[in-house]
Amino acid sequence: MKRASRSLMGIAAIVMLFAAFGLACGGEKIVEVERTLVVEKTVVVEKVLIATPTVPPVVGGPVFGGTLRIVSQASIPTLDSVHNFATTAIAVAQHLYETLYGWDSDIVPRPRMADSFTLSSDGRTYTFTLRDGLLWHDGNPVVSEDVTTSLDRWLGGASAAAGMMREFVADDTFRILDGRNFELRLKEPFGAVIDAVAPAEFAPLMMPKRLSLTPASEAVEEWIGSGPYKFKSWNPGDRVILERFEEYVPRGETADHMVGASVAYLDQLIWLEIPDEETKIAGLETGEWDLVDGAGLDFYDRLSRNRGLTIPVYKPGHRSNAPLNGFVAPFGNAESEAPPGERFTDSALKARLAAQAGIDIEEIQSSLGPNNLWITCPAIHYCGTPLETDFGSELYNENDKAKAKRLLAESDYDGETIVLLNPTDYATITPVGIVLRSELEKIGFVIEMPALDWATIVPKFSTDEWQVFASWSVHSCCGNPVSDEMTAGEGHVYPKVPKIAELRLKWATETDPEERMRIVEQIQKLAYENVVALYLGVFFSTYPHTSALKNFEVKAIPFYANTWLEN
């Protein structure tokens with residue numbers, strides 16, 4: 001009988017949602033009827049609002065139904081983006097799973113699963129209350145212990161924000177108060193807690209306790225969340241299918257990107273893996289699929305002339321970059337007593353500086369497409385943002401081959417082959433890697449670039465099987481020192497520079513805006529002096545889609561709740 005009761009509540013919630021969004025009001029009549037339920041031998045009479053069709057729905061209003069066919073940026077390595085931060089995994093996972101807080105369209109944190117929080121007078125205890133109506137996709141209610149174990153799993157992972165939080169959380173990090181209330185305890189005040197758990201890219205995804213007990217170093221193999229869409233099937237290398245979670249209860253606030261009322265208008269979301277970029281674009285033009293996530297920039301002008309398509313462009317953009325492995329020679333301390341990736345030998349640092357000094361960033365970025373879709377930008381927290389600074393920029397885009405060759409000669413590099421990982425199926429990375437290889441070879445490096453797709457490359461990040469790899473990062477994950485993966489050095493990919501680590505902590509606790517900016521300047525200077533990575537240019541990704549897809553815009557990362565297909 002509990003299932004029957006929940007089902008009735010679901011019907012009522014959906015009908016009220018229709019009214020709230022103007023669906024029933026425009027084309028249907030709201031009728032009040034009585035339903036009789038027998039619940040545990042008690043007769044309950046409930047008045048329920050139902051919608052009865054009268055006239056067609058308002059033209060241009062939201063429409064339920066249909067399947068959105070999305071071409072993934074590249075191959076999908078996992079659906080567990082706490083275990084693995086690949087953007088192609090995050091793109092799917094954020095529809096399956098929810099987070100305590102999320103971003104609105106201005107990248108400001110607002111509640112999702114949380115109803116509210118309070119902060120103790122000493123600034124060391126956050127008390128969170130979960131909102132009503134949360135259900136896992138298996139039908140079980142979401143309770144506090146599910147959320148705290150999910151948060152604990154995330155804290156054990158390699159994201160920059162989790163690493164920062166570990167510096168502040170108390171040994172008895174969580175205390176369960178009841179099914180909807182729990183405490184997060186800190187050793188000392190840390191004002192960036194809500195900011196740390198809100199980003200889409202590296203957020204703590206919520207799972208049932210039995211799944212979130214899986215260490216972050218291992219991927220979960222059962223995909224159950226509480227989001228507006230639930231898992232249906234995954235054929236690796238081909239497609240992932242999510243379907244509407246009928247029992248999902250949206251929030252009451254107006255939808256705003258990933259927060260507010262997330263309504264699953266679409267019946268299904270399908271992510272397709274199409275390795276060839278020309279095939280991706282041709283299929284979009286002929287209507288075989290509806291949207292290409294992160295399309296090759298070379299196709300922008302061609303697609304712009306197609307009146308049946310719309311092309312959102314994301315700004316402030318993504319930064320092309322190339323991490324240098326600090327755990328192996330010649331860029332790391334393979335034979336040194338120094339902690340790998342924490343303090344470079346003179347030889348390793350000179351090899352890193354050589355790579356940084358010799359590359360032509362404009363040449364590399366031009367490989368992506370038209371020059372109105374990319375810029376050179378020395379600000380590690382992105383140009384055109386409050387944290388833009390030119391400190392250390394004298395080491396950015398030097399394009400000085402003579403200096404680079406001199407530095408390389410002063411290192412211990414002796415012509416050994418360097419592995420550059422560059423995916424064959426990623427339109428906004430593949431061209432960058434090809435030109436980067438050429439630039440490094442001009443300096444004197446011997447490069448091998450194996451032909452591997454993105455899903456095959458991603459598991460190699462935590463190994464010593466590479467020296468360089470082509471990649472990119474997004475402003476919404478790396479736009480400040482707390483969340484910046486590149487200067488955090490939490491995983492195997494980026495080195496942990498002790499002085500930068502100290503400055504990040506200082507920035508997180510500093511309240512004076514001017515002093516915070518001075519800290520950013522110091523971090524940026526050290527990032528270039530230690531070559532945290534090869535900072536390349538910034539590009540503005542595109543998301544061409546059928547014009548029948550409505551209410552879709554990209555704020556940091558595509559989100560398909562609240563979108564619908566007009567036809």
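Biologist: Let's start with Asp138: is Asp138 buried, partly exposed or exposed?

Modeller: In this predicted model, Asp138 is partly exposed, with a relative accessible area of 34%.

Biologist: And which side chain does Asp138 meet in a salt bridge?

Modeller: That would be Arg210, at 3.9 Å from N to O. Arg210 sits in helix 7 (residues 209–212), and Asp138 is in the loop between strand 7 (125–130) and helix 4 (144–155), so the pair ties together parts that are 72 residues apart in sequence. Arg210 counts as partly exposed too, at 48% relative accessibility.

Biologist: OK, what about Arg244, buried or exposed?

Modeller: Arg244 is buried, because its relative accessible area is 14% and the cut-off for buried is under 20%. Its salt-bridge partner is Asp267, at 2.8 Å from N to O.

Biologist: Where do those two lie?

Modeller: Arg244 lies in strand 11 (residues 239–244), while Asp267 is in the loop between strand 11 and strand 12 (268–272), so this pair links parts 23 residues apart in sequence. Asp267 is partly exposed, at 32%.

Biologist: How far apart in helix 18 are Lys525 and Glu529?

Modeller: They are 4 residues apart, so about one helical turn separates them. Their side chains meet in a salt bridge of 2.4 Å, N to O. Both are partly exposed: Lys525 has 33% relative accessibility and Glu529 has a relative accessible area of 31%.

Biologist: Which residues are joined into one network by salt bridges that share partners?

Modeller: Asp172, Arg175, Glu183 and Arg185 form that network. The structure holds 31 salt bridges.

Biologist: New topic, the inside. Which residues touch the most other members of the largest nonpolar core?

Modeller: Leu100, Phe190, Trp271 and Phe445 do, in a core of 143 residues. Helix 18 (residues 513–529) turns up again here, giving the most to this core with 7 residues.

Biologist: What does Leu100 touch?

Modeller: Leaving out residues up to four places away in sequence, its contacts include Pro111, Met113, Phe128, Leu151 and Met206. There's also a second, separate core of 14 residues, with Trp289 and Phe299 among them.

Biologist: Last thing, pockets. How much space lies in the largest pocket?

Modeller: About 930 Å³. It's lined by 37 residues, and Asn84, Phe85, Ala86, Phe461 and Val493 lie nearest its centre.

Biologist: Which element gives the largest share of that lining?

Modeller: Strand 20 does, with 4 residues. By class, the lining has 21 nonpolar, 13 polar and 3 charged residues.

Terms used
Residues numbered from 1 in each chain as written. Predicted model: local features only at pLDDT ≥ 70, side-chain atom pairs only at ≥ 80, totals over all residues. Heavy atoms only, no water. Core = buried A, V, L, I, M, F, W, Y, C linked by side-chain atoms within 4.5 Å. Buried < 20%, exposed > 50% of the residue type's maximum accessible area, 1.4 Å probe, protein only. Contact = heavy atoms within 4.5 Å. 1 Å grid on protein atoms, 1.4 Å probe; cavity = no way out; pocket = protein on both sides within 12 Å on 5 of 7 lines; lining within 4 Å. Points joined across faces, edges and corners; volume = space filled by probe spheres on them. Nonpolar A, V, L, I, M, F, W, Y, C, P; charged D, E, K, R; others polar. Salt bridge = Lys/Arg side-chain N within 4 Å of Asp/Glu carboxyl O.
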